[in-house]
Amino acid sequence: MAEPLRTVPAVLERFGSTFSAFTAAFNEGQYVLWLGSGISRDRVPNVNALLKRVIEHLRSNIVAGDTNCEYRVALDEVLRLAGLTGEELKSIDFSIAVEGWPLRDRIIPALVTNYSRVLDVLVGDTNPDDYLVWTGLDVPNTYGAPDLEPDVEHYCIAILMLEGLVASAVTANWDGLLEKALGELTPAFGSLVRVAVKPDDFRVVGPRIEVIKFHGCAVRARDEESEYRDLLIARESQISRWTEQPENRSMRKHLEVLYTDRLTLMLGLSAQDANLHTVFAGAIQDLARPWPASSPAVVLSEEHLESYHRNLLKITYGSNHQGNASAIAQSALLGAYGKPTLLALVLSSLTEKLSFLIEHEIESVWGPAAVSQLQTDLLGLRDLAAKNADPDDAEALERSAILEFQRGFAARLIDVANLALTVFRTGRMPTAGGGRYEPLSDRPVAQAVLNADFPSKQFGRLGVALALIGRGLASGQWSAMPGDARAVGDGVVHLVTGQRTARVFFVKDATTSTQLELEASFDDSDGDVLIVIADEEPPAQTRSPRSRFGRDGKPRAGRFSVASSIADTASADDLYEAFKLASGF
């Protein structure tokens, strides 16, 4: 079994080797995301914490001296699910909190695979059947709280959906963190995203992104308890009946179609619930998965395979699983959890889009060898960025410090991508503190270039310019620092040497360049500014590359037209030298 992958560069390396077929299919938009509690575990209680909360709720409500107390009766039933002996049960001191129980580390892990049975335990005759879910877990304020903040996973998934690479995300999570991340990143949430909790929600036509919450939504249950509380699915009795109940038929059909027709990337989802297995089995009856497959039908973002994962693979591949179990398991197990997987997918997919566009722009001019060189340089830039996704001394840090570091990286990634693409398209700086994300394209790039309005050539030249920066980084010509959307005039990226720092802006054409200057984002007499223009500059302007010194010898902002420079040079090497000249290096 391969070693677990804990860093973004390690996951990227696997994307480029044993999981290259997966990566290619992902970038074509072929995968549906199936999400579980693992992607929210650092924001809301995981199953272990959930079980502790239930036990503590029951314990703290026991009426001392009342042998028939309904909370004590319910707690005894829960603890029997952990397989404790009679003597062990008698040894527990219910006057102290569960955190202080000597048997705590045996009880909680034993209950994890029985969590749905725990939540199904009744508490007296007068409390509702979902008492331990609604009251014991305090669902409205735990999973539906409005102040919960999305984590790295939610923002990365939102980016991949806005980039048109993931059209559907199926989630068992009650929280609204993915929807909140999407709402923060795009002002068009209402027209872009369909959130399906009830059958009627599937009738909403128009949005190109859908989030399917087949186990209910705590946010809606908090706001509209009478309509959505009963849709929260967690108890054994609910799960076992779920697939057969008429009111779930529409949801089940939608899930089966997604599992039948599309490939599956599972993140943080154990897939141990019986209703999911029934859905998967029903889907495969319609169209069995072949083996070998050009792209893996199921990829699991996990470090190890558990028995329920192997069972899922058996169901998925049916008779083809026999004799191929090891190879199928190897094709499915990515070896990394959600954070590094999703950060790597964002970096990989953005790079792949630009790489495709470089080929689209350059191959007919300089041929495949130059394309390959520029794509390699762009990959180098991606890999250098990825090295900043994880702290250098992670093993010496507390988990909380690692999380904050990764969250800071994700925030910077969103900020600089939004800064670069907004300036490139409009010549304007993005709204300070806006936290928006403008996608490179709203669909897979092979589809995007078919749209006559998509500026494929200009984005291809942006990819070329980034590749040149990547080459300079790899050769030690300069180091680079990302810009900051809050700092007007600071550029999209800084190129730093021992002698000077160049603040670089990327714009698509002369109009956006003029707009950038009108916005006072830079001073044309500032010799430390470099404007990289994708198109050719108008004839009245000096043909690029232009020195950063004017005819009067005074410094001025440098300009580098990618289109003009490609026309004036004969190779990627010559283009790199022209870029260095324009940059003043």
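Buried means under 20% relative accessible area, exposed means over 50%, and partly exposed lies in between, with a 1.4 Å probe and protein chains only. The structure is a predicted model, in which local features need pLDDT of at least 70 and side-chain atom pairs count only at pLDDT 80 or more, while totals for chains, interfaces and linings use all residues. Residues are numbered from 1 along each chain as its sequence is written, and side-chain values use heavy atoms, with hydrogens and water left out.

**Exercise 1. Backbone angles**

Task: Determine where alanine 520 and aspartate 138 lie, and state for each whether the residue is buried, partly exposed or exposed.

Solution. Begin with the general expectation: most residues other than glycine have a negative phi, and most peptide bonds are trans.
- Alanine 520 is not a glycine, yet it has a positive phi of about 60°. This residue is found in the loop between helix H25 (510-518) and strand S10, where helices (H or I, at least four residues) and strands (E, at least two) are DSSP runs numbered from the N terminus. With a relative accessibility of 55%, alanine 520 counts as exposed.
- Aspartate 138, also not a glycine, has a positive phi of about 55°. The loop that holds aspartate 138 runs between helix H8 (131-136) and helix H9 (139-142), and because its relative accessibility is 30%, aspartate 138 counts as partly exposed.
- For the peptide bond, turn to tryptophan 291 and proline 292, which are joined by a cis bond with omega about 0°. Proline 292 belongs to the loop between helix H17 (274-286) and strand S6 (298-301).

**Exercise 2. Strand S10**

Task: Work out which residues of S10 point one way and which point the other way, and find the strand to which S10 is joined.

Solution. In a regular strand the side chains alternate between the two faces of the sheet.
- In S10, Val529, Ile531 and Ile533 point one way, whereas Leu530 and Val532 point the other way, and all are buried. The strand, residues 529-533, is accordingly described as mostly covered, with five of its five residues buried.
- Strand S9 (residues 501-507) runs parallel to S10 and is joined to it by five bridges; two strands pair if DSSP finds at least two bridges between them. In this pairing, arginine 503 stands opposite valine 529.

**Exercise 3. Helix H20 and the second largest pocket**

Task: Describe the course of H20, and then establish which elements contribute to the lining of the second largest pocket.

Solution.
- H20 has 29 residues and reaches 40 Å from its first C-alpha to its last, close to the 42 Å expected at 1.5 Å a residue, the expected span being 1.5 Å times one less than the number of residues.
- A kink of about 30° is centred on histidine 360 in H20, the bend at a residue being the angle between axes fitted to the seven residues ending there and the seven starting there.
- Because 22 of its 29 residues are buried, H20 is largely enclosed by the rest of the structure. Glycine 367, with a positive phi near 90°, follows H20.
- A pocket is an open set of points, on a 1 Å grid over the protein atoms alone, with protein on both sides within 12 Å along at least five of seven lines, whereas a cavity is a set of points where a 1.4 Å probe fits but cannot get out; lining residues have an atom within 4 Å of a point.
- The second largest pocket holds about 930 Å³ of space, a volume being the space filled by probe spheres set on the points, which are joined across faces, edges and corners. Two or more lining residues come from each of H20 (338-366), H21 (368-386), H22 (399-426), H24 (456-475) and strand S7 (479-482), and the largest share, seven residues, comes from H22.

**Exercise 4. Serine 40 and the largest cavity**

Task: Locate serine 40, and find which residues line the largest cavity.

Solution.
- Serine 40 sits in the loop between strand S1 (31-35) and helix H3 (47-60), and its relative accessible area of 1% makes serine 40 buried.
- Among the residues that line the largest cavity are Ser40, Leu35, Ile39, His154 and Lys213. The volume of this cavity is about 50 Å³.
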